[in-house]
Amino acid sequence: MTRLLYSLCGGDAECRFSPHVWKTVMSLSHKGLDFQEVPTPFTAIKSVEGGFSQTVPILNDNGHLVRDSFDIAVYLEDQYPNMPTLFDGDGGRAISRAIEGYAQFIIQPALVRIVVKDIHDLLAPADQAYFRSSREARLGRTLEAVESAAGEELAAFPAKLEPVRHTLKFQQYLGGDSPLFADYILFGALQWARVVSPKPILPADGPIRDWFERCLDLHDGRGRRMKAAA
Ligand SMILES: N[C@@H](CCC(=O)N[C@@H](CS)C(=O)NCC(=O)O)C(=O)O
């Protein structure tokens, strides 16, 4: 059985940092499925699996190709219905889209402005050139200009996590008593920050820190085994 997950890497191939790939790593682990991660630099993505996708994650499940972290979670849920559920039903599947929207429009853009220069610095030279030109075009500023405002973004970040802090007053996970894909969506974003940047992005204690530490320990500590940036 071959199950391959193409995973973004830095100059050090062991440094796997994509927030979207982390969602899939956690989804596969949650389902108890074996897989092999294939380290893939930014500039190699377009040649993976005959140019199947412009972005990672890409899953090759015994010859069946799936792209996009949410689509992969849906595929795994439908393909492996007897393994632990990622959504706990149609309602959970639907509400996970709201968490995806929150991560995509509130959390990740803020984190990009905090860590984009840190990401650049851990890439191999060919990827650095691609990353600089694509991200500077997207952000409308040099990476150095974004980095110089990172302190203000960092100070504003805890307020953006308030909806999560509220939720965790009532339950251990966004999914309730145990984690679901919704947790992995937010975990992926915060794990990305943990792996690429030494900046103190999460509070040192409190409900969000406790939840994140619990997520790092899930599935035999899969998340914690990835080295944090120092
Ligand atoms: N909606 C997609 C987004 C995937 C995505 O943007 N992946 C980034 C890495 S985190 C990527 O592959 N970027 C390629 C590039 O910027 O060239 C998902 O959830 O999988």
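**Exercise 1. Find which residue of β2 stands opposite Ser7, and work out how the strands of the sheet are arranged around this pair.**

Solution. In this predicted model, Ser7 stands opposite Pro39 in β2. The next step is to look at the strands that carry this pair: strand β1 (residues 3-8) and β2 pair in the parallel sense, and five bridges join them. On β3, Asp61 is the residue opposite Arg3, and here β1 and β3 run antiparallel, with four bridges between them. The pairing of β3 with β4 is also described by four bridges in the antiparallel sense, and within it Leu59 stands opposite Val66 in β4. Put together, the four strands form an open sheet whose order is β2-β1-β3-β4 and whose pairing is mixed. Because β2 (36-40) and β4 (64-67) stand at the edges and have a single partner strand each, one side of each is left without a neighbour in the sheet. On average, and with direction ignored, neighbouring strands of this sheet are turned by 20 degrees against each other.

**Exercise 2. Determine how many residues lie between β3 and β4 in their hairpin, and which residue in the turn has a positive phi.**

Solution. Following the chain from β3 to β4, one finds a hairpin with two residues between the strands. The residue in the turn with a positive phi is Asn62, for which the angle is about 50 degrees.

**Exercise 3. Describe how α1 packs on α8, and decide how the two helices are oriented to each other.**

Solution. Begin with the geometry: α1 and helix α8 (residues 181-196) have axes 8 Å apart and pack at an angle of about 135 degrees. Angles over 145 degrees would count as roughly antiparallel and those from 65 to 115 as roughly perpendicular, with the rest outside the roughly parallel range being oblique; α1 and α8 are therefore oblique to each other. Their crossing is right-handed. Turning to the residues, α1 contributes Pro19, His20, Trp22, Lys23, Met26 and Ser27, while the residues they meet in α8 include Phe181, Tyr184, Phe187 and Trp192. By character, the residues of this contact of α1 with α8 divide into nine nonpolar, four polar and one charged.

**Exercise 4. Identify which residues are closest to the ligand, and which elements give two or more residues to the shell around it.**

Solution. The ligand is surrounded by 13 residues, of which the closest are Ser18, His20, Thr55, Asp68 and Ser69. The elements that give two or more residues to this shell are α1 (19-30) and α2 (69-79). Sorting the residues of the shell by character gives seven nonpolar, five polar and one charged. His20 can thus be met twice in this reading, once among the residues closest to the ligand and once in the contact of α1 with α8.

**Exercise 5. Work out how α3 and α6 are oriented to each other, and which residues make their contact.**

Solution. The axes of helix α3 (residues 90-122) and helix α6 (residues 150-160) come within 9 Å and cross at roughly 155 degrees. Since angles over 145 degrees count as roughly antiparallel, α3 and α6 are therefore roughly antiparallel to each other, and their crossing is left-handed. From α3 the contact is made by Ile106, Ile107, Ala110, Arg113 and Ile114, and from α6 by Ala150, Glu153, Leu154, Phe157 and Lys160. The residues of this contact of α3 with α6 divide into seven nonpolar, no polar and three charged.

Key: Residues are numbered from 1 along each chain as its sequence is written. This is a predicted model: local features need pLDDT of at least 70, side-chain atom pairs count only at pLDDT 80 or more; totals for chains, interfaces and linings use all residues. A residue is near a molecule or strand if its C-beta atom, placed from the backbone, lies within 6 Å of it. Ala, Val, Leu, Ile, Met, Phe, Trp, Tyr, Cys and Pro count as nonpolar, Asp, Glu, Lys and Arg as charged, and the others, Gly among them, as polar. Axes are lines fitted to C-alpha atoms, for helices over the stretch in contact, and angles run from 0 to 180 degrees between N-to-C directions. Angles under 35 degrees count as roughly parallel, over 145 as roughly antiparallel, 65 to 115 as roughly perpendicular and the rest as oblique. A crossing is left-handed if the near helix is turned anticlockwise from the far one by less than a right angle, and right-handed if clockwise. Two residues are in contact if their C-beta atoms, placed from the backbone, lie within 7 Å. Two strands pair if DSSP finds at least two bridges between them.
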